[in-house]
Amino acid sequence: MNVSTCARVAIFALCAALIPHASDVFGASGTWRGTNAVPSLANDLWTNSYNWSASPFPSGAQTATFSLTTAGATTIGLDGLSSISNVTFSGTSAAAYTLGAGGPGAQTLTLATNGILQLSSTAGYPQRIDATVAFGPAA
């Protein structure tokens with residue numbers, strides 16, 4: 001093989017290895033913490049990965065879980081979130097969360113096509129969605 005052919009084979013192999021993980025770039029399923037080991041980096045924004053158990057923050061085809069008692073934010077701002085597939089509230093010790101900051105209808109929560117908004121039978125507190133809820137692909 002000449003150098004050009006070797007380079008093409010190497011690029012193809014690299015692309016084949018990365019493509020299955022492409023969705024990881026756009027989001028990771030995670031659990032809201034609302035605070036972290038570096039409190040100065042936490043805030044009330046969904047799009048701040050420091051607020052989540054996984055990085056980057058959940059979006060697209062991922063699942064966001066709200067199941068923890070938290071000393072951090074329980075009203076979550078949705079600025080910058082394009083869409084999310086699944087939102088689950090569960091756990092007897094989960095805080096009472098509000099999705100959407102700024103008052104009723106001030107923000108939008110877009111559930112992706114086939115998305116699920118779920119309140120588990122184990123949820124210990126009522127949950128609130130102040131955001132306008134849109135269904136389908138993000139506009």
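Okay, let's start at Gly80, which sits in the loop between strand 3, residues 75-76, and strand 4. Keep in mind that this is a predicted model. Is Gly80 buried or exposed? Its relative accessible area is 68%, and the cut-off for exposed is over 50%, so Gly80 counts as exposed. Now look across from there to Trp46: the two are 34 residues apart in sequence, yet C-alpha to C-alpha the gap is 8.2 Å.

And Trp46 is the other extreme. Its relative accessibility is 0%, so under the 20% cut-off it counts as buried. So on one side of that 8.2 Å pair we have an exposed glycine, and on the other a buried tryptophan.

Let's stay with Trp46 for a bit. What does its ring pair with? With Trp52, and the pair is tilted, at 5.1 Å centre to centre with 55° between the planes. Trp52 is buried too, with a relative accessible area of 1%.

Then there's a second pair to look at, Phe66 with Phe89. This one is stacked: the centres are 5.3 Å apart and the planes make an angle of 25°. Phe66 belongs to strand 2 and Phe89 to strand 4, so to speak a link between distant parts of the chain, 23 residues apart. Both Phe66 and Phe89 are buried. Overall the structure holds 8 aromatic pairs, and one aromatic cluster takes in Trp32, Trp46, Trp52, Phe66, Phe89 and Tyr97.

Some of those names come back in the core. The largest nonpolar core has 19 residues, and Trp46, Phe66, Val87 and Leu99 have the most contacts inside it. Which elements give two or more residues to this core? They are strand 2, residues 60-66, strand 4, residues 84-89, and strand 6, residues 108-119. Strand 4 gives the most, with 3 residues.

Okay, on to the sheet. It's an open one, with 5 strands in the order 1-2-4-6-8 and parallel pairing. Strand 1, residues 30-31, and strand 8, residues 132-135, are the edges; each has a single partner strand, so one side of each is left without a neighbour in the sheet.

How many bridges hold strand 1 and strand 2 in their parallel pairing? That would be 2 bridges, and if you want a residue to click on, Thr31 has Thr65 in strand 2 as its bridge partner. Strand 2 and strand 4 also pair in the parallel sense, over 5 bridges. There, Ala64 has Val87 in strand 4 as its bridge partner, and Val87 is one of the residues with the most contacts in the core. The stacked Phe66 and Phe89 sit in these two strands as well.

Let me zoom out to finish. The chain has 2 helices and 8 strands, and going from the N terminus both helices come before the strands: α-α-β-β-β-β-β-β-β-β. There are 139 residues, and 36% of them count as buried. For contacts with a separation of 6 or more, residues 24 or more positions apart account for 67%. As for the surface, the chain exposes about 7,700 Å², with carbon and sulfur atoms supplying 62% of that.

Technical notes
Residues are numbered from 1 along each chain as its sequence is written. This is a predicted model: local features need pLDDT of at least 70, side-chain atom pairs count only at pLDDT 80 or more; totals for chains, interfaces and linings use all residues. Side-chain values use heavy atoms; hydrogens and water are left out. Helices (H or I, at least four residues) and strands (E, at least two) are DSSP runs, numbered from the N terminus. Buried means under 20% relative accessible area, exposed over 50%, partly exposed in between (1.4 Å probe, protein chains only). Contact means heavy atoms within 4.5 Å. Accessible areas come from the Shrake-Rupley method with a 1.4 Å probe; for residues, only the protein chains shown count as cover. A nonpolar core is a set of buried Ala, Val, Leu, Ile, Met, Phe, Trp, Tyr and Cys residues joined through side-chain atoms within 4.5 Å. Two strands pair if DSSP finds at least two bridges between them. Rings of Phe, Tyr and Trp (its six-membered ring) pair if their centres lie within 6.5 Å; planes under 30 degrees apart count as stacked, over 60 as edge-to-face and the rest as tilted.
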